[in-house]
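Me: I'm new to reading structures, and I'd like a close look at a single part of this one. Could you walk me through a helix and tell me what sits around it?

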Protein chains: 4
Amino acid sequence: MIIKYYFCRLKYHLFEKMGANTIGKEFSLTTFGESHGKAIGGIIDGCPASLTMDYDFITKELQRRKPQTEYCTDRKEDDKVIFLSGIENGITLGTPIGFMIENKDIRIADYKDVSRNNHADFTYFEKYGIAASSGGGRASARETAARVVGGSVAKLFLNTYGISINTSIETIGNINYVQHNKEANALLQQVKETNDTIGGKIKCNIKGCPAGLGEPVFDRFSSLLAGAVMSIPSVKTFEFGDGLSPSRRGSEYIGDGLQGGISNGKEIEFLVGFKPVPSFNIKGRHDICQLFRASVIVEAMAALVTADLIKRNFKINKI
Amino acid sequence: MIIKYYFCRLKYHLFEKMGANTIGKEFSLTTFGESHGKAIGGIIDGCPASLTMDYDFITKELQRRKPQTEYCTDRKEDDKVIFLSGIENGITLGTPIGFMIENKDIRIADYKDVSRNNHADFTYFEKYGIAASSGGGRASARETAARVVGGSVAKLFLNTYGISINTSIETIGNINYVQHNKEANALLQQVKETNDTIGGKIKCNIKGCPAGLGEPVFDRFSSLLAGAVMSIPSVKTFEFGDGLSPSRRGSEYIGDGLQGGISNGKEIEFLVGFKPVPSFNIKGRHDICQLFRASVIVEAMAALVTADLIKRNFKINKI
Amino acid sequence: MIIKYYFCRLKYHLFEKMGANTIGKEFSLTTFGESHGKAIGGIIDGCPASLTMDYDFITKELQRRKPQTEYCTDRKEDDKVIFLSGIENGITLGTPIGFMIENKDIRIADYKDVSRNNHADFTYFEKYGIAASSGGGRASARETAARVVGGSVAKLFLNTYGISINTSIETIGNINYVQHNKEANALLQQVKETNDTIGGKIKCNIKGCPAGLGEPVFDRFSSLLAGAVMSIPSVKTFEFGDGLSPSRRGSEYIGDGLQGGISNGKEIEFLVGFKPVPSFNIKGRHDICQLFRASVIVEAMAALVTADLIKRNFKINKI
Amino acid sequence: MIIKYYFCRLKYHLFEKMGANTIGKEFSLTTFGESHGKAIGGIIDGCPASLTMDYDFITKELQRRKPQTEYCTDRKEDDKVIFLSGIENGITLGTPIGFMIENKDIRIADYKDVSRNNHADFTYFEKYGIAASSGGGRASARETAARVVGGSVAKLFLNTYGISINTSIETIGNINYVQHNKEANALLQQVKETNDTIGGKIKCNIKGCPAGLGEPVFDRFSSLLAGAVMSIPSVKTFEFGDGLSPSRRGSEYIGDGLQGGISNGKEIEFLVGFKPVPSFNIKGRHDICQLFRASVIVEAMAALVTADLIKRNFKINKI
């Protein structure tokens, strides 16, 4: 045996790849688009034929990403999705669904002059040696609009199986938003007055899920959900079930919608924790508390994972 | 356009696939083996040539999965790994590394007669219509030995880059194991005396990680870590950083080792929460608190993800 | 062990998926679009940052797909590609490159009334139970425009490595187009006069390829080229080298640009055989001999495969 | 926009990866093993539960790889496959099937001292900087034994669907083996006497294939078959149908078992061309004409592709 190479720590880190813009195996979404480029969009591959598109629903889902309360940024995004393929007369053809959303309201000036604190720009520049003229490039909230479109189509598909996905805000900071709503709103008001931002948690429920979704080793339902949800910008924690199981005893443990990583037919529930928006001190249009807008993105990721597993584990019957 | 098929909810769920036994793209591990079959094992694909195998290290890693304290099961597992390919004279060849661990200590009787509470068997039978004669089939703790072998080789690879991965127990139940060690041990003793089990959290640190690991959209470092770690049996929560970011304000937020999902060169830290072992009331040999044995599995999954990203984002130089 | 399911041949074939619209692992192309829908297009994922786009080159490549000689269909396709993302000021950003080409010249009437012979429509309807109002859906020559865009970008990338890809027509029917050009043209004329069509072979050369492209087992360079090229509609044969090696003795064998499936630095050469266009007897606008238009598609597939292997096996240096 | 990196041709080629040891998406085979290491083997992932293993059949398939005629090498390979997982009482469990074949008859001396002509060793060393002590490493005929095991299991699976795969020798050199058998055998004898080797073509037929296998764009049935078959060492040509379609006119074209890349229910037929074995002049034990032993490998690759498409496009029913 002849050894010619040896390992050494690289003196210069060489990076070149910004791939991995696809999620899902049999119901997949590939996205494109910078936050301040011409358009964002994507391709949904694996959506079955004969599904009726509900464009109003998709538009409403996109609107949920827009400012809804006084705690959201006032950037006006006209998120009108244009479907380019895969649909004829409002019915899916089974072919890939290409779509795009044009970027219209681009205020680059807001972003240019301030050295932002802790944003993704530093690592981007280190990694790619090039950066779009402003904004966080691909790792921006803007990219998530394409996820919402993919998630909406996934929801329409899941609806035909009787599966629904919903979210609610669980905590603002460390105040329970349901049980102590008044306190939570006071906290939000205080954060706003101090030009600060705050994190929190969203609860997501998947109802109507049949038993059998997920694979027992690396593609457990919980594993795929965690990976998908953690890919949302600002998400830092994922807790399956009520999040309390690590503190419980076996005799107290009730169980959740999974056994061995595979759905058992019961309701699925998980919590998603968002860090506070980092850029609190600059003039850019950012959210004080992004939970209000982020709910639909959490649902989208959950819908994409569930639709993918339905395609992988279930079969579509003729009638 | 002619529509011939329509969607309907499936009356009978048809499942057939138990795939997804591979993790990683460029440094990947594929595992095989039932908990009570002839052997478990796997293939490590993508490990570079010229890496020196440290068999003692791998053996020690496997021993960490064995009972170490009085709070672990007393099942005697002789986990001797046999490498079948990819190594010559203790040096990797760059070819796939096949390995196996024979199953020796199989006490099927322990498992047969008791209807276990909340275990994976129900969903397995529903999904595959067939089950191994005992145990949880693939979704068992036994399968994780193959992960530890893969993780050990990944660690040896990462060491050549100066990257180290370590864990510590963070909480037993809801008691901090470091700050209140005495209380935590008292809790463990009480749980043991009541024939109960208890969950807890493990902290994992990745040191020496270069800036630039991860992709900005779906394959963020945090996303891949979450997906990998959540695939460990009994893991229910994943918290990046100290787990407190959702409760913080922007002005209090310190940041962690990631920016935009990509490592920034700082230390990576995350918490992994385990539910209590469910089968507390049967005669099978199970752990009272699985954190002690699970640490090495958490490290293995972190090492596999990090090695994969090193392969995807870094390049190996000749000297 | 309990057996609940048994295998049986399916009485009703259940198909649902039209996936696999992606080619490549590290330099990948995902395409969308029906031949007679709103637009076709795709996403190029993995193209490195800092590459200069040559729009004139891309336009010229697309024009090569259009009728150039009297033996091609006279359908007027205005293939103007619109890049939606991944490029700023003519320089790639390293982010996914979304693009589309609007479908303008759609004459559905031509296709509607004739029961076409041996076309893809039958299998499509069987498989998806739904069909676009005309044309061959996804398996049409129209879809290949997106491949040409992807291939053009791949060529620009390969050019930075000194790699060039070229084609020439090798045979028309069974007449060598270079050695017996006059006869070949007479054959074409005769085929045209009899309202018939004819097949033939294209030769493709990859020059400047470094040693080391390809993997030794399933992803041999020849294997990936064959798979990519055979995915072009109407392609039926793939011959690596001069196509004569199966008839040679070992003592006569000269070798080609591969050893063990991996490039050795010599020129790569292969032949691609097209069947005659099947729909000779209908009014639709089809080609008498598609080789003239198909050359650029063969080059595109070769470029996509080579670019993918460059990304998988080579590393991009800063200067 | 700031540009920091530029492209340049790499002065030093950096290779490190020998991945891609997996074929198939839903019925996949991952292989390991060097020609002269401890064992070769693999993991079959995605084989459904409840399939009866026919060990005699698998053994016979492996024997077909051994010397059968006077034109094959006399190396004695005792290919006894040991199944490690995924099977209980001769019935598959649906879990990954791990298997291995120990390497017993290793005569390294035969290979050591001769500088072989045109073998894979040169590119291997260039690429990996390390080589196993002898033989062609992974790109050897030995590795194909693992493919035969995977193919045998795939055949057993396909048999339950009424699908059978068979091969016959089509040509030796350029002599048709069926129509001119006497001449072909005379040619073989002459080649043997001159210590030479010779190439040829194998015909493969897939019978009983249902309509609907394959995807219309990149994963056409013909495309996947070509890619899989071209990954067999020494294969240089792939011709779908009878190989004559490129020389035909549209009016003469009969069609084959595919339409738009998808099976139409008719028989599938293709030709596979092997170059002559290159190392004719050395003492190693090699074949004069490898077609006799290679047939079973061609069938194995066809079976793996077909089984994968059955899993992707068909569903398994309970009865």
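Reply: Here's a walk around one helix, followed by a quick stop at a lysine and some cysteines. Keep in mind that this is a predicted model.

Let's start with helix H1 of chain B, which covers residues 55–64. Which of its residues are buried? They are Ile58(B), Glu61(B) and Leu62(B). If you look down the axis of H1(B), these buried residues fall within an arc of 100°, so they line one face of the helix. Now turn to the face pointing away from that buried side: there you'll find the exposed residues Asp56(B) and Lys60(B). And what covers the buried residues? In chain B, the cover includes two strands, E4 (81–83) and E7 (97–102), along with two helices, H4 (144–159) and H7 (291–313).

Next, hop over to chain D, where Lys201(D) sits in strand E11, residues 200–207. Lys201(D) has a relative accessible area of 18%, so it counts as buried, the cut-off being under 20%. Its side chain makes a polar contact of 3.0 Å with the side chain of Glu239(D). Leaving out residues up to four places away in sequence, Lys201(D) touches several others, including Ile169(D), Thr237(D) and Val272(D), plus Pro246(C) from chain C.

Last, the cysteines. Over all chains, the structure holds zero disulfides. Take Cys204(B): the nearest cysteine sulfur belongs to Cys209(B) and is 11 Å away, while a disulfide needs the two sulfurs within 2.5 Å. Cys204(B) is also buried, at a relative accessible area of 0%. Over in chain D, Cys209(D) is in no disulfide, with the sulfur of Cys204(D) being the nearest at 11 Å. Cys209(D) counts as buried at 3% relative accessibility.

Methods: Residues are numbered from 1 along each chain as its sequence is written. Chains are lettered from A and ligands numbered from 1 in the order in which they are written. This is a predicted model: local features need pLDDT of at least 70, side-chain atom pairs count only at pLDDT 80 or more; totals for chains, interfaces and linings use all residues. Side-chain values use heavy atoms; hydrogens and water are left out. Buried means under 20% relative accessible area, exposed over 50%, partly exposed in between (1.4 Å probe, protein chains only). Helices (H or I, at least four residues) and strands (E, at least two) are DSSP runs, numbered from the N terminus. The arc is that of the directions from the helix axis to the C-beta atoms. Contact means heavy atoms within 4.5 Å. A polar contact is a pair of N or O atoms within 3.5 Å; within protein, one must be able to donate a hydrogen and the other to accept it, and residues adjacent in sequence count only if both atoms are side-chain atoms.
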